[in-house]
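Trainee: Please give me a close look at a single part of this chain, the part where the backbone is worth checking. After that, tell me how the rest is built.

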Amino acid sequence: MGTFNVTIEVAAGPDGPFEPIDAIAGTGQMYSFVPSSILRGLGVEPTDRRTFVTPDGERVGRDIGWPMVRVEGIERAHPSLVVFGDDDSEPLLGRLTLTMCGLEVDPERDELVPLTAYLPGIQVEASA
């Protein structure tokens, strides 16, 4: 799995103002993380708190919220669950935000591509 940098824009609401942020994208992260100081500076308020496990096994609580997020190449902003990260942490673009924006990671080319979405099929067996 490769990682690469992308520009995301984050705002408290759909009318902005939007703050551009360099973030790391890859296939391994479920949640997007943005430093708390950036989110709070934009007026994004936490709506909940969740427990996460660090790479060394420690359990830590982090605030989460629902800012508007635009990912490079996409005009429309989408609400997305974002974790209030440590102020010195690297912003990360997670799979939930990518899915909300209709994007996914192409791990072979290390780039974002339109999401291939599938409709569920219902199969009905004929009765004998």
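**A turn between two strands**

Mentor: Start with Asp110, which sits in the loop between S10 and strand S11 (111–114). Keep in mind throughout that this is a predicted model. Asp110 is not a glycine, yet its phi is positive, at about 50°. That deserves a second look, because most residues other than glycine have a negative phi. Is Asp110 buried, partly exposed or exposed? Its relative accessibility is 31%, so Asp110 counts as partly exposed.

The strand before this loop brings in a second aspartate. Asp106 belongs to strand S10, which covers residues 103–106. With a relative accessibility of 17%, Asp106 falls under the 20% limit and therefore counts as buried. Once its neighbours within four places in sequence are left aside, Asp106 has contacts with Glu111 and Val113.

A second backbone detail is found elsewhere in the chain. The peptide bond that runs from Gly16 to Pro17 is cis, and its omega is near 5°. Most peptide bonds are trans. Pro17 is in the loop between strand S1 (3–11) and strand S2 (19–26).

Now the whole chain. The protein contains 2 helices and 11 strands. Read from the N terminus, the order of elements is β-β-β-α-β-β-β-β-β-β-α-β-β. Taken along the principal axes, the box that holds the C-alpha atoms is roughly 65 × 35 × 30 Å. Of the 128 residues, 37% are buried. Among contacts with a separation of 6 or more, 47% join residues that are 24 or more positions apart.

The surface and charges come next. About 8,000 Å² of the protein is exposed, and 49% of that area comes from carbon and sulfur atoms. There are 9 positive and 21 negative side chains, and the centres of these two sets are 6 Å apart.

Next, the largest pocket, which holds about 380 Å³ of space. Its lining has 14 residues, and those nearest the centre are Phe33, Val53, Thr54, Pro55 and Arg62. Strand S4 (48–53) and strand S5 (59–65) each give at least two residues to that lining.

Arg62, one of the residues nearest the pocket centre, has its place in strand S5. At 21% relative accessibility it is not under the 20% limit for buried, so Arg62 counts as partly exposed. Apart from neighbours within four places in sequence, Arg62 is in contact with Asp48, Arg49, Arg50, Phe52, Val83, Phe84 and Asp86. From Arg62 to Ser36 the C-alpha distance is 9.6 Å, across 26 residues of sequence.

Last, Ser32, in strand S3 (residues 32–35). Ser32 has a relative accessible area of 3% and is therefore buried. Not counting residues up to four places away in sequence, Ser32 touches Leu81, Val82, Val83, Leu92, Leu93, Gly94 and Thr97. Phe52 is 20 residues from Ser32 along the chain, and 13 Å separates their C-alpha atoms.

To return to your single part: Asp110, with its positive phi, is partly exposed, while Asp106 in strand S10 is buried.

Technical notes
Residues are numbered from 1 along each chain as its sequence is written. This is a predicted model: local features need pLDDT of at least 70, side-chain atom pairs count only at pLDDT 80 or more; totals for chains, interfaces and linings use all residues. Side-chain values use heavy atoms; hydrogens and water are left out. Helices (H or I, at least four residues) and strands (E, at least two) are DSSP runs, numbered from the N terminus. Buried means under 20% relative accessible area, exposed over 50%, partly exposed in between (1.4 Å probe, protein chains only). Contact means heavy atoms within 4.5 Å. Accessible areas come from the Shrake-Rupley method with a 1.4 Å probe; for residues, only the protein chains shown count as cover. Lys and Arg count as positive and Asp and Glu as negative; His and the chain ends are not counted. The place of a charge is taken as NZ of Lys, CZ of Arg, CG of Asp or CD of Glu. On a 1 Å grid over the protein atoms alone, a cavity is a set of points where a 1.4 Å probe fits but cannot get out, and a pocket is an open set with protein on both sides within 12 Å along at least five of seven lines; lining residues have an atom within 4 Å of a point. Grid points are joined across faces, edges and corners, and a volume is the space filled by probe spheres set on the points.
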